[in-house]
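Please examine the structure shown here, which is a predicted model. The paragraphs below lead from a single residue to a pair of helices and then to a sheet.

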Amino acid sequence: ILERLSFDRDITVKNFEITIRLLGGLLSGYEMTGDEELLRLADDLGTRLLPAFDSPTGMPYMFVNLKTGTVRGAKTNPAEIGTLLLEFGTLARHTGKQAYHDKARRALVELYRRRSSIGLVAEEIDVETGQWTSRTSHVGGGIDSYYEYLLKCSLLFGDGECGKMWKDSRRALRRYLADETRSGLWYGEADRVTGKRTASQFGALHAFLPGVLALGGDLRRAERLQASCYRMWMLHGVEPEILDYRTMQVVHAGYPLRPEIIESAFLLYRVTKDPQYLEMGRKFFEALLRTCRTDAGTTVLENVVTGEKGDLMPSYYLAETLKYLYLLFAPDETLDLDRVVFTTEAHPLRRSP
Ligand code: DMJ
């Protein structure tokens with residue numbers, strides 16, 4: 001990284017993906033090592049990403065060119081708008097350049113301001129007009145980490161307004177998305193405006209929520225939801241990407257080595273010390289060894305029902321899936337949860353650097 005990494009390249013990147021993976025990784029590395037070169041790289045990357053925020057609403061475009069600053073992708077989603085402040089706020093802390101913090105925070109607040117009268121956001125919004133282009137609300141892909149960052153920004157920066165936004169959102173989620181069924185508690189899909197239930201789908205990405213609920217002190221619901229996630233995993237021995245929890249039928253059968261269910265087990269174990277979460281972790285780990293190993297490494301599954309393998313290992317498998325498994329079984333002193341907040345890509349950031 002120190003010898004060869006340069007962001008001076010004429011390539012168009014997704015602001016969200018590069019922020020959570022590269023900017024977060026560089027900042028966490030800087031905090032752990034104190035190596036100023038890592039901070040310099042993070043500062044350089046941050047400067048190149050900033051044009052993404054230059055929209056009429058302050059909510060970022062989806063794509064930005066690292067060399068020219070050209071942006072595109074006005075239609076984007078809550079996760080890509082609202083999952084930037086931990087990283088940009090930390091960059092501001094270390095560089096003293098407050099604009100990093102302010103732009104990412106404005107994006108988050110502008111998104112929150114556009115929630116419906118019943119408190120929900122949806123899958124797609126136009127950052128130029130500020131208008132929603134979808135009515136579908138849930139806590140899965142494209143929305144998930146927006147909620148995660150409302151809580152985590154209150155923890156990392158002591159930002160009371162973010163804490164309030166999290167509590168308001170949590171209430172709306174509980175009222176309109178939470179679904180009590182015979183198979184337990186789930187969080188499904190509803191219309192953003194009316195709150196009417198539109199689907200009973202839940203999947204691997206939704207499984208971040210038990211961990212975030214536990215971090216936010218909502219332990220009972222966190223435990224009940226994690227029990228449902230575990231049921232989803234055990235149905236075929238590895239969780240599917242999407243399940244219909246009313247019929248218990250698999251809707252999307254792939255398993256792209258996702259970490260969320262393991263991350264929730266780790267956070268719940270740290271909070272409760274209940275050995276059932278270690279047992280869950282053991283089941284997850286054994287399943288990965290049994291079904292996802294190849295001669296050359298570890299791969300995604302195309303189908304959890306048939307066990308058909310793909311040929312890909314996303315970077316979050318190392319950054320998150322294995323890291324959370326390791327931390328679940330490591331002594332608490334390995335990483336003190338009172339002193340760090342994990343970004344959505346599992347990079348720990350110090351609460352008081
Ligand atoms: C990760 O890149 C991040 O956790 C992101 O927030 C969404 N999910 C993937 C892993 O599943």
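The starting point is E148, which lies in helix α6, a helix made of residues 144-157. Is this residue, E148, buried or exposed? A residue counts as buried when its relative accessible area is under 20%. The relative accessibility of E148 is 2%, and E148 is therefore buried. Which residues surround it? Apart from neighbours within four places in sequence, E148 is in contact with F208, V212, E263, F342, T343 and T344.

The next step concerns two other helices, α9 (residues 219-236) and α11 (residues 276-292). Their axes come within 12 Å and cross at roughly 25 degrees. Angles under 35 degrees count as roughly parallel, and α9 and α11 are therefore roughly parallel to each other. The crossing of α9 and α11 is left-handed. On the side of α9, the residues that take part in the contact are E223, Q226, Y230, W233 and M234; in α11 they meet Q276, Y277, M280, K283, F284 and A287. By character, the residues of this contact comprise 7 nonpolar, 2 polar and 2 charged.

The last element is a sheet. In general, the strands of a sheet pair through backbone hydrogen bonds, either parallel or antiparallel. Here, 3 strands form an open sheet in the order β1-β2-β3, with antiparallel pairing. The edge strands, β1 (12-14) and β3 (71-72), each pair on one side only. Strand β2 (residues 63-65) is joined to β1 by 3 bridges. One of the residues to follow here is V13, whose bridge partner in β2 is V64.

Technical notes
Residues are numbered from 1 along each chain as its sequence is written. This is a predicted model: local features need pLDDT of at least 70, side-chain atom pairs count only at pLDDT 80 or more; totals for chains, interfaces and linings use all residues. Side-chain values use heavy atoms; hydrogens and water are left out. Axes are lines fitted to C-alpha atoms, for helices over the stretch in contact, and angles run from 0 to 180 degrees between N-to-C directions. Helices (H or I, at least four residues) and strands (E, at least two) are DSSP runs, numbered from the N terminus. Angles under 35 degrees count as roughly parallel, over 145 as roughly antiparallel, 65 to 115 as roughly perpendicular and the rest as oblique. A crossing is left-handed if the near helix is turned anticlockwise from the far one by less than a right angle, and right-handed if clockwise. Contact means heavy atoms within 4.5 Å. Ala, Val, Leu, Ile, Met, Phe, Trp, Tyr, Cys and Pro count as nonpolar, Asp, Glu, Lys and Arg as charged, and the others, Gly among them, as polar. Buried means under 20% relative accessible area, exposed over 50%, partly exposed in between (1.4 Å probe, protein chains only). Two strands pair if DSSP finds at least two bridges between them.
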